[in-house]
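Open your viewer and keep the selection tool ready. We will go from stop to stop, and each stop tells you what to pick and what is there.

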Amino acid sequence: MEHFILRTEALIVDGIIVTLLTALLNNILFMLFVLLHIPVLNLYNMVVLVVVTMAYFTIFEAKTNKTIGKKMLHLYVSDAEGYMSYKKAFIRNITKICWVPLIVDIIIGKILNYPSRLFDKIAQTDVYADNELESVDEDDDFEALDDDFEELDADFESEDKEKSAS
């Protein structure tokens, strides 16, 4: 389990943020329920927690490959090609709605000798350190594109010559 300590620290930061967001939203909803004379059920607290948790982790990881905690600790999440989708982000974060499934997820990943958690394996994702990112020289990329376009131009010219010769 690479980066286990950093990932744990990032999860603690994200947990604090999710807790604050959940408390804020719960208080706003409670005031609305009271003002609108809607009977308040204690169940809405859990629903808000699940929705905020899944939205926070899914949106941040799908859009930026990082949550705020991962950004602070220089980590990012992606699949083998370096991409993240909402589906993959959602799947890998299902166990984060409660501590018990998350701990089971980590233990099963360790028992099965995965490099990460079980749900990272299911989503085909993993967490990497920022310094593991491949550095890309943009000039080399543009030169490679220029070479590709020159080859395509040469192919089209040879096809045009063949068509005009026949």
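How many salt bridges does the count come to? The count comes to 9. Keep in mind that this is a predicted model. Before we visit some of those bridges, take in the whole chain.

**Stop 1: the whole protein**

Colour the model by secondary structure. The protein has 7 helices and 2 strands. Follow them along the sequence and the pattern reads α-α-α-β-α-α-α-β-α. Of the 166 residues, 30% are buried. Now think about contacts between residues at least 6 apart in sequence: 65% of them join residues at least 24 apart.

**Stop 2: H1 against H2**

Select helix H1, residues 4-35, and helix H2, residues 43-64. Their axes come within 9 Å and cross at roughly 135°. Are the two helices parallel or oblique? That angle makes H1 oblique to H2. The crossing is right-handed.

Show the side chains at the contact. On the H1 side, pick residues including Leu11, Ile17, Val18, Leu21, Leu25, Leu29, Phe30 and Phe33. On the H2 side, they include Tyr44, Val48, Leu49, Val52, Tyr56 and Phe57. The residues of this contact divide into 14 nonpolar, 4 polar and 1 charged.

**Stop 3: H2 against H4**

Keep H2 and add helix H4, residues 86-93. These axes come within 8 Å and also cross at roughly 135°. H2 is therefore oblique to H4. This crossing is right-handed.

Which residues make the contact? From H2, select Met54, Phe57, Thr58, Ile59, Glu61, Ala62 and Lys63. From H4, select Tyr86, Ala89, Phe90, Arg92 and Asn93. The group divides into 7 nonpolar, 2 polar and 3 charged. Phe57 is listed in this contact, and it is listed in the contact of H1 with H2 as well. Leave Arg92 highlighted for the next stop.

**Stop 4: charged pairs**

Side chains of opposite charge can pair when their charged atoms come close. Start with Arg92 and Asp120. Their side chains meet in a salt bridge, at 2.6 Å from N to O. The pair links distant parts of the chain: Arg92 sits in H4, Asp120 in helix H6 (residues 118-123), and they are 28 residues apart. Are these residues buried or exposed? Arg92 has a relative accessible area of 0%, so it counts as buried. Asp120 is buried too, because its relative accessible area is also 0%.

Stay on Asp120 and add Arg117. These side chains form another salt bridge, at 3.8 Å. Both residues are buried.

Next, select Arg7 and Asp126. Their salt bridge is 3.8 Å from N to O. This pair also links distant parts of the chain: Arg7 in H1 and Asp126 in strand S2 (residues 126-129), 119 residues apart. Arg7 has a relative accessible area of 17%, so it is buried. Asp126 is buried as well, because its value is 14%.

Now select the wider set together: Arg7, Glu61, Lys70, Arg92, Asp105, Arg117, Asp120 and Asp126. They are linked in a network of salt bridges.

**Stop 5: Val127**

Move along to Val127 in strand S2. Its relative accessibility is 3%, so it counts as buried. Measure from its C-alpha atom to that of Phe4 and you should get 9.7 Å, although the two are 123 residues apart along the chain.

What is Val127 in contact with, leaving aside its neighbours within four places in sequence? Select His3, Arg7, Lys70, Leu75, Tyr76, Val77 and Arg92. Arg7, Lys70 and Arg92 are also in the salt-bridge network from the last stop.

**Stop 6: two loop residues**

Find His74, in the loop between helix H3 (68-72) and strand S1 (75-78). Its phi is near 60°, a positive value in a residue other than glycine.

Last, select Gln124, in the loop between H6 and S2. Its phi is near 60° too, again positive in a residue other than glycine. Is Gln124 buried or exposed? Its relative accessible area is 56%, so Gln124 is exposed.

Notes: Residues are numbered from 1 along each chain as its sequence is written. This is a predicted model: local features need pLDDT of at least 70, side-chain atom pairs count only at pLDDT 80 or more; totals for chains, interfaces and linings use all residues. Side-chain values use heavy atoms; hydrogens and water are left out. A salt bridge is a side-chain nitrogen of Lys or Arg within 4 Å of a carboxyl oxygen of Asp or Glu. Helices (H or I, at least four residues) and strands (E, at least two) are DSSP runs, numbered from the N terminus. Buried means under 20% relative accessible area, exposed over 50%, partly exposed in between (1.4 Å probe, protein chains only). Axes are lines fitted to C-alpha atoms, for helices over the stretch in contact, and angles run from 0 to 180 degrees between N-to-C directions. Angles under 35 degrees count as roughly parallel, over 145 as roughly antiparallel, 65 to 115 as roughly perpendicular and the rest as oblique. A crossing is left-handed if the near helix is turned anticlockwise from the far one by less than a right angle, and right-handed if clockwise. Contact means heavy atoms within 4.5 Å. Ala, Val, Leu, Ile, Met, Phe, Trp, Tyr, Cys and Pro count as nonpolar, Asp, Glu, Lys and Arg as charged, and the others, Gly among them, as polar.
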